[in-house]
Amino acid sequence: MIVLEAAAYRYPAAAGWALPPTSLVLEAGRIVGVRGPNESGKTTLALVASGLAPTAIGGELRGRVLLDGRRTVDLKPYQLATRCGVLFDNPAAQVTGLHRTVRDEVAFGPCNLGLPVAEVLERTDEALGLLGVGHLAARDPARLSGGESQLVALAGLLALRPAHLVLDEPTSRLDAERSSLVAAAIERVAAAGVGVLLTAHDEALLARLCGRVLDL
Amino acid sequence: MPAAVVVTVTALAALRAGRLRRLAVAVLALVPVAVSSLVVNALLPAGGGGAAAAGAALLRLLGATLPATLLFATTAAPDLLADLEARGLGRRAVFVLGAALAAVPRTQALALDVVDAQRARGLDTEGSWPRRARGVLPLVAPLVIGSLAEVEDRALALEVRAFGAPGRRTVLQRPPDSGWQRAARWALAGLLLAGLAARAAVALVAR
């Protein structure tokens with residue numbers, strides 16, 4: 001469970017608070033939406049809820065953010081990664097560019113944890129299967145469409161088996177057809193028991209996926 | 001002489017690997033340097049080395065650049081990185097090397113995006129030279145800013161993939177390394193040491 005208790009955040013060297021005091025609870029298997037105009041703090045909320053802010057990027061956090069009962073500020077980035085995955089809006093920036101195949105790209109996270117090869121492959125195939133992109137396994141990650149790249153990036157997060165996902169405008173750069181693919185994948189992920197925090201401008205997407213929507 | 005050997009061996013290896021054309025392109029790229037070396041050494045009195053010195057300089061240049069060209073023409077960057085990692089190179093060093101190798105195509109792709117975006121806004125990138133010169137700043141500024149922003153995005157993307165986890169990474173597959181390849185590497189290393197020793201010996205005798 002992710003819990004924000006009056007969490008407010010200020011970026012390093014910034015004068016103002018990018019995220020005003022915000023409270024929310026994200027339970028396993030639920031999808032909570034976040035909407036608001038540009039510069040309202042959606043991306044900042046995604047960074048705070050996942051613990052990347054302030055753990056990885058610095059800045060000042062007020063209030064409390066708990067990830068499965070532990071304060072995010074007490075966890076290291078790799079410990080956060082195994083509890084909460086974060087998907088950003090730019091698929092191109094989320095593939096490492098170090099791998100020849102999609103399977104190797106998705107396996108990057110489990111490999112970082114030093115898991116046995118058999119477990120890495122099991123997690124990789126499970127993540128690809130859950131998102132319905134197993135047929136891409138042998139493809140070159142650099143030659144995928146935007147929607148495929150986004151799904152591969154999501155599979156890379158799921159291979160770490162996080163209990164939660166924070167998706168920051170995951171369909172903002174995709175056309176309607178690709179957005180629908182990503183939306184269907186998010187539904188499957190939530191049905192598998194993963195709690196999802198979804199920021200988006202797309203009202204139709206929020207209406208389709210989210211039981212609850214928070215306005216910023 | 002050693003440079004000539006390196007160039008010959010590289011050319012033969014390229015021939016066997018079917019990459020002679022790629023090597024030829026690299027040689028063509030060196031033509032301006034070769035011409036200027038020839039002009040300085042053979043034609044200008046201040047250069048003083050003559051055509052033989054110009055030829056030797058060009059051979060050294062080819063010897064330094066062609067093996068690297070052949071390496072990247074025959075070896076995919078992911079394979080090279082996987083092999084280095086399997087041999088014990090740390091994850092951060094592997095990533096830095098991989099990022100450096102991928103920087104050129106990535107920047108090219110970003111530059112094309114910027115050019116398309118600025119053209120859509122009416123920037124003339126195909127007119128006269130003065131017009132093109134005026135268009136440089138609107139192209140370069142977004143490219144630099146975009147590259148910096150992408151570095152930040154990539155750093156965060158690595159964090160969320162547990163890149164900073166302690167301990168050794170799992171290596172999924174080790175690139176094939178046959179017995180004769182290992183033997184060839186040891187032989188080349190031996191040849192290098194022998195060459196260095198011979199050179200040192202010649203220098204000592206000359207004194």
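Here is a walk through a predicted model, starting with the strands of chain A and ending with the spaces shared by chains A and B.

Let's begin with the sheet in chain A. Five of its strands make an open sheet with parallel pairing, and the order to trace is β6-β7-β8-β3-β9. At the edges you'll find β6 (84-87) and β9 (212-215), each with a single partner strand, so one side of each has no neighbour in the sheet. From one strand to the next, the twist averages 15°. If you want a spot to check the register, look at β7(A) and β8 (residues 195-199) of chain A, which pair in the parallel sense over five bridges. There, L165(A) has V196(A) in β8(A) as its bridge partner.

Chain A has antiparallel pairing too. Strand β1 (residues 2-10) of chain A runs antiparallel to β4 (residues 60-67) of chain A, and seven bridges join the pair. One handy landmark is I2(A), which sits opposite L67(A) of β4(A). From β4(A) you can step on to β5 (residues 70-71) of chain A, again an antiparallel partner, this time over two bridges. L67(A) turns up again here, standing opposite R70(A) in β5(A). The hairpin that β4(A) and β5(A) make has two residues between the strands, and D68(A) takes a positive phi near 50° in it.

That brings us to some backbone angles worth a look. As a rule, most residues other than glycine have a negative phi, and most peptide bonds are trans. E39(A) goes the other way, with a positive phi near 70°. You'll find E39(A) in the loop between β3 (31-35) and α1 (42-50) of chain A. Is E39(A) buried or exposed? Its relative accessibility is 81%, and the exposed class starts over 50%, so E39(A) counts as exposed. R161(A) also has a positive phi, near 55°, and belongs to the loop between α6 and β7 (164-168) of chain A. With 34% relative accessibility, R161(A) falls in the partly exposed class. As for the peptide bonds, the one from A53(A) to P54(A) is cis, with omega near 5°. P54(A) is part of helix α2 (residues 52-55) of chain A.

Now over to chain B. Its domain assignment gives domain 1 (1-74) and domain 2 (79-160), and the C-alpha centres of these two domains lie 30 Å apart. Where does the largest pocket lie with respect to them? Both domains give residues to its lining, so the pocket lies between them. The volume of this largest pocket is about 1,300 Å³. There are 24 lining residues, and the closest to the centre are L71(B), T74(B), T75(B), Q181(B) and R185(B). The elements of chain B that supply two or more lining residues are α1 (2-17), α4 (50-74), α5 (77-86) and α9 (179-206). Sorted by class, the lining comes to 14 nonpolar, four polar and six charged residues.

The second largest pocket brings both chains into the picture, with a volume of about 1,000 Å³. Of its 31 lining residues, the closest to the centre are G97(A), A142(A), R143(A), P105(B) and R106(B). Two or more lining residues come from each of α6 (146-158) of chain A and α5, α6 (91-120) and α8 (136-159) of chain B. Which element gives the most? That's α6(B), with eight residues. The class tally for this lining is 16 nonpolar, seven polar and eight charged.

Last come the enclosed spaces: the structure has two cavities of 30 Å³ or more. The largest cavity has a volume of about 70 Å³. Chain A lends A93(A), Q94(A), V95(A) and T96(A) to its lining, while F95(B), R154(B), A157(B), L158(B) and R161(B) come from chain B. Here α8(B) gives the most, with three residues, and the lining splits into five nonpolar, two polar and two charged residues. The second largest cavity holds about 40 Å³. Its lining residues are V86(A), L87(A), Q94(A), A153(A), L157(A), A157(B), V160(B) and R161(B). In chain A, β6 and α6 each supply at least two of them. By class, this lining has six nonpolar residues, one polar and one charged.

Notes
Residues numbered from 1 in each chain as written. Chains lettered and ligands numbered in written order. Predicted model: local features only at pLDDT ≥ 70, side-chain atom pairs only at ≥ 80, totals over all residues. Heavy atoms only, no water. 1 Å grid on protein atoms, 1.4 Å probe; cavity = no way out; pocket = protein on both sides within 12 Å on 5 of 7 lines; lining within 4 Å. Points joined across faces, edges and corners; volume = space filled by probe spheres on them. Helix = DSSP H or I, 4+ residues; strand = E, 2+ residues; numbered from the N terminus. Nonpolar A, V, L, I, M, F, W, Y, C, P; charged D, E, K, R; others polar. Domains from an automatic or database assignment. Pairing = 2+ DSSP bridges. Buried < 20%, exposed > 50% of the residue type's maximum accessible area, 1.4 Å probe, protein only. Axes fitted to C-alpha atoms, helices over the stretch in contact; angles between N-to-C directions.
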